[in-house]
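Here are some notes to read alongside the model, for someone opening it for the first time. They go point by point, so keep the viewer at hand.

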Amino acid sequence: MATDSKQLGDDKKVHSTPDAPVLDDAPDAPLVAVAGPTGSGKSELALAIAEEFNGEIVNCDSLQVFRHFDIGTAKLPAAERRTIRHHLMDVVNPDELFTAGEYARLAREALAGITARHRLPVVAGGTGFYLRALLDGLFEGPTRDQKLRDRLAAREARRPGSLHRILTRLDSDAARKIHANDVPKVMRALEVCLLVRRPVSELFRQGRDGLRGYRVLKLGLLPDRDALYERLDLRSAGMFEHGLVEEVRHILALGFAAGSKPFESHGYRQAMQFLQGELSLREAVFYAQRNTRQYAKRQITWFRREAGLVWLKGFGDAPEVRRAAIERVGGFLAETGPFA
């Protein structure tokens with residue numbers, strides 16, 4: 001996908017000012033977040049809100065930050081963004097590490113710039129952990145120790161489940177909250193325990209650096225489950241029909257490894273398995289559809305636990321949902337004025 005050069009330039013400016021704070025002279029600035037499961041119409045609703053209220057959109061999707069991954073992430077093409085500026089899309093290469101902490105830092109810088117231009121920031125996406133990192137902050141943990149992580153990964157490969165058992169001994173509270181199969185999170189929790197020589201759960205209880213200077217309206221899209229699954233099935237099949245496999249070939253041809261993190265996502269993993277001869281095309285579509293439905297279910301469960309989220313029952317591109325959202329945002333902005 002051809003990336004808007006102006007937008008890419010804006011994102012590069014964000015990278016160049018890593019310590020830019022949220023503006024101190026713009027207290028209680030409004031911020032709208034549009035959340036919900038994949039396929040629920042978040043992008044369409046965010047565009048409608050941004051158009052109505054002079055806004056700019058901040059991506060909150062953990063895959064859309066990667067360059068070249070377009071079809072399988074349902075990334076809105078630049079030509080369909082209605083001249084509305086989008087931030088944190090296409091900002092890192094597929095083989096680069098991009099964490100929730102990095103997202104929160106860059107997103108806060110983007111918010112500061114949008115607010116300084118007297119525009120409404122609209123955060124949109126389905127990665128709940130990114131949204132929580134942005135609004136609530138993350139605990140201050142040590143930086144990654146690659147040598148330690150390599151040793152932990154080797155141990156887990158030899159004895160599956162062993163890292164979770166060690167974490168249980170060192171920090172039973174953290175172990176109870178992380179599924180044994182979620183190896184990346186188990187590894188990170190264990191890494192922190194070993195580096196700081198304290199339970200990671202203690203660090204969590206010390207508090208986080210939450211977003212300051214903003215009042216936030218969080219809107220959540222909640223379509224009918226059967227209708228959502230039907231839409232997701234059609235979208236997954238459509239991605240394969242409209243070039244997902246060819247996109248994967250192109251990314252590999254650019255020199256990025258098949259083990260790059262974005263290739264682990266739904267759709268891309270199955271396209272890769274098709275190219276490697278592990279699945280037929282029909283099987284690849286089937287598993288992409290199934291896994292995407294399961295992912296949507298997990299997203300709904302996550303967002304149901306999100307405090308203060310206002311649910312809108314339906315898809316974001318439905319006229320009645322759009323009207324309800326516009327009314328909500330209008331009332332929110334009228335409470336103390338759009339830019340108090």
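1. Let's begin with a charged pair. Asp209 and Arg212 make a salt bridge, with 2.7 Å between the closest N and O atoms. Asp209 is partly exposed, its relative accessible area being 38%, while Arg212 counts as exposed at 59%. Keep in mind throughout that this is a predicted model.

2. Now for a group of charges elsewhere. Which residues are joined into one network by salt bridges that share partners? They are Glu56, Arg85, Arg117 and Arg119. For context, a search of the whole structure turns up 21 salt bridges.

3. Take the link between Arg85 and Glu56: a salt bridge whose closest N and O atoms are 4.0 Å apart. Arg85 sits in the loop between E2 and E3 and Glu56 in strand E2, so this pair ties together parts 29 residues apart in sequence. Is Glu56 buried or exposed? Glu56 is buried, since its relative accessible area is 1% and the cut-off for buried is under 20%. Arg85, with 23%, is partly exposed.

4. Glu56 has another partner to look at. The side chains of Arg119 and Glu56 meet in a salt bridge at 3.4 Å, N to O. This pair links distant parts of the chain, 63 residues apart: Arg119 is in the loop between helix H3 (100-116) and E4, and Glu56 is in strand E2. Arg119 is partly exposed, with a relative accessible area of 30%. As a general reminder, side chains of opposite charge can pair when their charged atoms come close.

5. Stepping back to the whole protein, you should be able to pick out 14 helices and 6 strands. There are 340 residues, and 49% of them count as buried. The accessible surface comes to about 17,000 Å², and 51% of that belongs to carbon and sulfur atoms. Of the contacts between residues at least 6 apart in sequence, 79% join residues at least 24 apart.

6. Next, have a look at the positive patch. Where do Arg158, Arg159, Arg165 and Arg169 gather? They form a patch of positive charge on the surface. One of them, Arg165, belongs to helix H6 (residues 162-170), and Arg165 is partly exposed at 46% relative accessibility.

7. Helix H6 also has buried residues, namely Ser162, Leu163, His164, Ile166 and Leu167. What do the buried residues of H6 pack against? Their neighbours are helix H5 (146-158), helix H7 (172-177) and helix H8 (183-196). While you are on the helices, it helps to recall that an α-helix has 3.6 residues a turn, so residues three or four places apart point the same way.

8. The loop between strand E2 (55-59) and strand E3 (86-87) deserves a check of its backbone, with His68 as one of its residues. His68 has a phi near 80 degrees, which is positive in a residue other than glycine. At 28% relative accessibility, His68 counts as partly exposed. Ala74 is found in the loop between E2 and E3 too, and the phi of Ala74 is near 55 degrees, again a positive value in a residue other than glycine. Ala74 is partly exposed, with a relative accessible area of 32%.

9. Ala74 comes up again from the side of Arg235, a residue of helix H10 (residues 225-241). Which residues is Arg235 in contact with, leaving aside its neighbours within four places in sequence? The answer is Thr38, Gly39 and Ala74. Arg235 is partly exposed at 29% relative accessibility. Try checking Thr292 as well: Arg235 and Thr292 are 57 residues apart in sequence, with 9.9 Å between them in space, C-alpha to C-alpha.

10. Finally, a loop residue that is covered up. Thr127 is in the loop between strand E4 (120-124) and helix H4 (128-136). Its relative accessible area is 11%, and therefore Thr127 is buried. Apart from neighbours within four places in sequence, Thr127 is in contact with Cys60, Asp61 and Ser62.

Note on methods: Residues numbered from 1 in each chain as written. Predicted model: local features only at pLDDT ≥ 70, side-chain atom pairs only at ≥ 80, totals over all residues. Heavy atoms only, no water. Helix = DSSP H or I, 4+ residues; strand = E, 2+ residues; numbered from the N terminus. Buried < 20%, exposed > 50% of the residue type's maximum accessible area, 1.4 Å probe, protein only. Contact = heavy atoms within 4.5 Å. Areas by Shrake-Rupley, 256 points an atom, 1.4 Å probe, with all protein chains shown as cover. Patch = residues over 30% accessible without salt bridge, like charges linked within 9 Å, V, L, I, M, F, W, Y side chains within 5 Å. Lys, Arg positive; Asp, Glu negative; His and termini not counted. Charge placed at Lys NZ, Arg CZ, Asp CG, Glu CD.
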